Amino acid sequence: MATLLRKSRALQLLGLMFPGGFWMVVFFLLPLLFIVVLSFLDNERLFTLEGYQRVFDPLYIGIFLQSIWISLLTTIISLLISFPVALFMARLPKGWRDIALFAVMIPFWTNFLVRTYALQFLMRNQGPINLLLQWIGLIDEPLSMLNTPAAVMVGLIYGNLPFMILPVYTSLEKFDWTLLEAAQDLGASAWPAFFRVMLPLTAPGLLSGSILTFVPAIGSYVTAELMGGGKATMIGRVIAGQFEQAQNWTFGSAMSLILMVIVTIFALIYFRLGRGERVAL
Amino acid sequence: MAQLVSASSSAPANVAGESRARVSAGRLVLTTITAATFAFLYVPIFVLIIFSFNQAKSGATWTGFTTEWYAKMFANEDLIEAALNSLLVGTISTLVAVVLGTLLALAMERYSFKGKAFWDGLLYMPVIIPEIVAGVSLLLFFAFIGLERGFPTLLAAHVAFTTPFVYLTVRARLADFDRSVEEAAMDLGADEWHTFWRITLPLLMPGVVSGALLAFTLSMDDFIISNFVKGVGWNTLPVYVWPQLKRAVSPEINAASTMLLLFSIFIVVLSLVLQRRQSRI
Amino acid sequence: MKSDFAIELVDVVKRFGTVAAVDHVSMQIRPREFFALLGPSGCGKTTCLRMIAGFEQPSSGQLLLQGKPLGDIPAFKRNVNTVFQSYALFPHMTVAQNVAFGLEMKGVGRDEIRRRVADALDLVRLPQMADRYPKQMSGGQQQRVALARALVNKPEVLLLDEPLGALDYKLRKEMQIELKQMQQQLGITFIFVTHDQEEALTMSDRICVMSTGHALQVGTPLEIYERPNCKFVADFIGETNFLPGVVTEISGEYATVNVADMSLVGRLGEGVTLGASAWLSVRPEKMQLVDEARANPSALNTNSVTIDSVAYVGSDTRVVVHLGGQRLDVWDENNISTLDPNFYFRAGERASLSFPADNALVLVK
């Protein structure tokens with residue numbers, strides 16, 4: 001037996017792949033295929049395109065576009081915030097850099113639900129911000145900061161910022177600063193040196209961060225629910241609604257499939273741009 | 001002439017002064033953005049912690065210090081049960097995911113075989129696919145095959161979405177693995193079995209440990225998937241607190257959130273301590 | 001059956017895909033011999049070593065350990081140990097644990113392990129380092145631990161894969177002497193892979209020069225340096241001038257080559273035939289430059305040359321001369337001490353260059 005196992009790489013491979021492979025096929029891939037099938041079946045299990053027809057209702061097209069728009073904006077704003085932060089961190093002396101990294105890591109590992117709730121608590125009509133502003137006398141009536149697309153976006157940025165800062169920081173930390181000096185030595189002023197040298201070399205980190213921000217944003221449910229309330233609707237909320245209240249599985253499945261396709265398209269663009277480099281965790 | 005000389009000689013000095021001013025202005029901008037970002041990340045968390053000690057039953061008006069909500073929380077049997085459920089599911093699914101993920105990493109990194117690209121994609125998909133889609137797909141799947149939802153379905157789902165993260169972490173470590181160390185062990189008389197247990201696994205351990213911590217955190221934090229696959233009476237902590245977060249009826253939820261935060265911070269510190277110890281070798 | 005050889009390679013071929021990394025190599029390595037596999041990177045020397053160790057299986061041919069075919073015996077059952085180029089020390093084990101590993105695997109008793117580990121660390125002069133981790137040691141110390149870890153198992157053959165490559169120059173020189181002494185003291189066969197010809201010449205009893213998967217020549221350092229059997233070996237080991245010409249006469253052990261209308265005589269190399277084009281190979285230190293006035297122009301291998309450049313390097317003076325359109329390097333030993341700047345030839349002057357026929361080799365082109 002032992003010698004057989006030693007000789008046969010096929011047998012070794014089977015032993016290593018089977019348990020995890022089986023689990024992933026049964027409890028991940030198969031259910032996803034179910035979605036594909038069910039999106040074409042009505043309640044009597046007959047073929048239908050009704051689910052997809054409903055997706056093209058202007059109402060839902062609008063929700064899709066709004067979700068994509070909010071997620072793209074979230075990603076761009078996160079990137080614009082993260083780059084200077086990561087740059088600042090990468091230029092810190094070693095000890096301080098570790099502390100700053102630790103400070104980014106904590107939200108990274110902290111319960112997403114709780115963090116989003118903390119932000120929502122802060123921004124409520126009767127929340128600390130409003131009470132503080134009223135106490136100072138800047139406002140008379142509480143500002144209504146929640147239940148808007150902007151609130152959802154603030155929530156998404158807040159929730160996913162560590163996922164952007166960390167990969168951007170990693171690529172900046174690896175960056176060889178003498179290259180900037182070399183570029184300036186060769187006559188490039190600060191901006192060309194930044195765009196021609198620094199940006200291309202740190203692009204993999206920026207791309208990783210972008211995909212790690214965009215994907216959770218477009219599929220967000222918790223943030224949409226807590227920050228957007230009933231008003232600013234994201235795809236995630238619509239899908240969940242079809243399985244909770246509406247019980248329209250056909251439509252829910254069709255929406256899920258389209259969401260998957262959107263995410264996959266963005267992931268493929270990322271892999272193409274990043275030459276197949278994997279997202280750093 | 002003298003004027004000309006002094007003018008031309010002072011020009012470079014001016015330029016240098018200007019660029020120095022620009023550098024320090026740039027630094028000021030970076031520092032400000034970084035400080036604001038960290039404030040943005042941390043203020044909601046600290047405010048939440050502070051208000052978990054507030055006497056007021058509702059709203060954000062500070063009426064006095066109390067630990068009443070913590071006492072209430074620990075007396076809340078449903079909440080305690082949900083927390084224990086979370087720990088149970090987190091522990092078991094992490095153990096299973098660590099084994100499955102490590103075996104998969106070994107297979108995918110060390111063997112070449114037909115259909116490897118398929119597995120590569122499949123094992124990466126859970127990172128990309130929105131949780132909401134994974135959740136509803138499992139709901140449909142369990143409903144369709146007639147499996148009643150409960151602890152087993154919860155466990156199956158948690159293993160399925162955490163295994164890929166263990167796999168990716170361990171595989172990254174394996175990719176950097178110096179194979180000559182294994183050859184050295186074989187050269188010194190260790191067969192494949194001994195080489196694996198004495199050399200490969202111990203050296204892989206940092207990857208396995210961080211994979212395990214990641215899996216445990218993801219499992220403990222998961223709300224969306226758990227919400228779809230849990231059975232009646234099988235609440236995990238995030239699933240239990242969700243409706244209360246949405247309604248925010250009692251400051252007790254602030255206390256519970258604070259506890260979850262502290263737990264997350266504990267995990268970060270633990271992971272850092274483990275990493276430190278590993279890097280000493 | 002006790003073989004005369006510690007290791008024997010019989011017509012061994014190793015292909016990686018379509019590339020033959022080792023191409024029909026045969027060699028015999030004697031017991032207690034310090035044997036070097038020398039060649040540029042990619043010549044197949046490391047692959048040979050890995051096949052002996054058991055990390056690679058030959059595509060065809062046979063390897064014998066003391067007369068017994070190794071076949072597909074796995075690495076962990078071969079009484080052969082390796083010192084790796086990167087040392088491959090186990091980073092999660094102390095020095096003592098590293099050294100003890102092989103003995104543990106053999107099931108040696110605990111007390112004996114302790115004793116033999118201590119002996120091995122004494123041998124490499126690191127007795128006080130037993131509880132250190134590899135990361136806490138210098139490259140030279142790590143190298144010694146790797147050596148102790150291999151030697152503690154008393155292997156029949158010790159394989160060393162460029163073990164000194166990562167050390168700085170001075171340390172490398174010290175280790176060369178130490179390794180050689182250790183090998184003589186222990187009486188173990190050492191097979192040593194290197195691309196450094198000086199290292200091979202200093203340490204080895206015999207050298208096998210390899211290139212593109214072929215074993216070109218096996219011989220003592222003296223044989224390899226003084227009587228290279230082909231242009232590659234002559235070129236790879238030391239410095240040599242090559243003069244192209246046509247063989248006009250062969251008599252006994254000597255051949256005459258016509259180089260740019262000059263007749264030069266050298267020792268007859270393997271496979272050289274009359275009328276064929278050939279290389280006349282002569283090393284820079286084996287020629288003499290004298291004043292034309294004092295030379296006998298009709299003597300054998302004596303020709304008038306123009307001095308092209310002169311560089312004083314201390315132990316000798318390195319001169320480039322022109323001989324019938326060829327540039328030649330000549331190293332003239334500085335065996336007279338003087339500060340007179342006019343003592344030696346200067347660029348542009350003429351001189352007479354000569355060398356005995358035994359100092360030159362005629363090699364196949």
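A polar contact here is a pair of N or O atoms within 3.5 Å; within protein, one must be able to donate a hydrogen and the other to accept it, and residues adjacent in sequence count only if both atoms are side-chain atoms. With that rule I counted seven residue pairs in polar contact between chain C and chain B, both residues at pLDDT 80 or more.

**Ground rules**

I am working on a predicted model, where local features need pLDDT of at least 70, side-chain atom pairs count only at pLDDT 80 or more, and totals for chains, interfaces and linings use all residues. Residues are numbered from 1 along each chain as its sequence is written, chains are lettered from A and ligands numbered from 1 in the order in which they are written, and side-chain values use heavy atoms, with hydrogens and water left out.

**Entry 1: chain C against chain B**

I looked up who takes part in the contact (heavy atoms within 4.5 Å). Chain C gives 23 residues and chain B gives 21 residues. Next came buried area, the accessible area (1.4 Å probe) that two parts lose on being put together, summed over both. For this pair I got about 2,000 Å², with 64% of it on carbon and sulfur atoms. On the chain C side, Phe76(C), His92(C) and Met105(C) supply 32% of the area buried against chain B, more than any other three residues.

Then I checked charges, taking a salt bridge as a side-chain nitrogen of Lys or Arg within 4 Å of a carboxyl oxygen of Asp or Glu. My count between chain C and chain B is two salt bridges. I noted one between Arg198(B) and Glu104(C), at 2.9 Å from N to O.

Which elements give two or more residues to the side of chain C that touches chain B? They are helix H1 (45–53), strand E6 (80–83) and helix H2 (95–106) of chain C, helices (H or I, at least four residues) and strands (E, at least two) being DSSP runs numbered from the N terminus. H2(C) has the largest share, with four residues.

I also sorted that side by class, with Ala, Val, Leu, Ile, Met, Phe, Trp, Tyr, Cys and Pro as nonpolar, Asp, Glu, Lys and Arg as charged, and the others, Gly among them, as polar. The tally is 13 nonpolar, six polar and four charged residues.

**Entry 2: inside chain B**

Chain B has eleven helices and zero strands. Buried residues make up 52% of its 281 residues, where buried means under 20% relative accessible area, exposed over 50% and partly exposed in between (1.4 Å probe, protein chains only). Of the contacts in chain B between residues at least 6 apart in sequence, 73% join residues at least 24 apart.

The domain assignment splits chain B into domain 1 (1–51) and domain 2 (68–280), with bounds from an automatic or database domain assignment. Each of the two domains puts four residues into their contact. I read about 410 Å² buried between them, 72% of it on carbon and sulfur atoms. Leu48(B), Ile49(B) and Phe51(B) supply 86% of what domain 1 buries against domain 2, more than any other three residues. I found zero salt bridges between these domains, and zero residue pairs in polar contact, both at pLDDT 80 or more. The domain 1 side is four nonpolar residues, no polar and no charged.

**Entry 3: Glu182(B)**

Is Glu182(B) buried or exposed? Glu182(B) counts as buried, at 9% relative accessibility. I placed Glu182(B) in helix H7 (residues 179–187) of chain B. Its side chain makes a polar contact with the side chain of Thr200(B) at 2.6 Å. Neighbours within four places in sequence aside, Glu182(B) is in contact with Arg110(B), Phe177(B), Thr195(B) and Thr200(B).

**Entry 4: more salt bridges**

Over all chains I have 28 salt bridges. Asp120(B) and Arg171(B) form one, the closest N and O atoms being 3.2 Å apart. Asp120(B) sits in helix H4 (residues 116–128) and Arg171(B) in helix H6 (residues 151–175) of chain B, so the pair ties together parts 51 residues apart in sequence. Asp120(B) is partly exposed at 22% relative accessible area, while Arg171(B) is buried at 19%.

In chain C, the side chains of Asp308(C) and Arg327(C) meet in a salt bridge at 3.2 Å, N to O. Asp308(C) is in strand E16 (residues 302–312) and Arg327(C) in strand E18 (residues 326–333), so this pair ties together parts 19 residues apart in sequence. Asp308(C) is partly exposed at 31% relative accessibility, and Arg327(C) is exposed at 53%. Last note: salt bridges that share partners join Glu225(A), Arg237(A) and Lys246(B) into one network.
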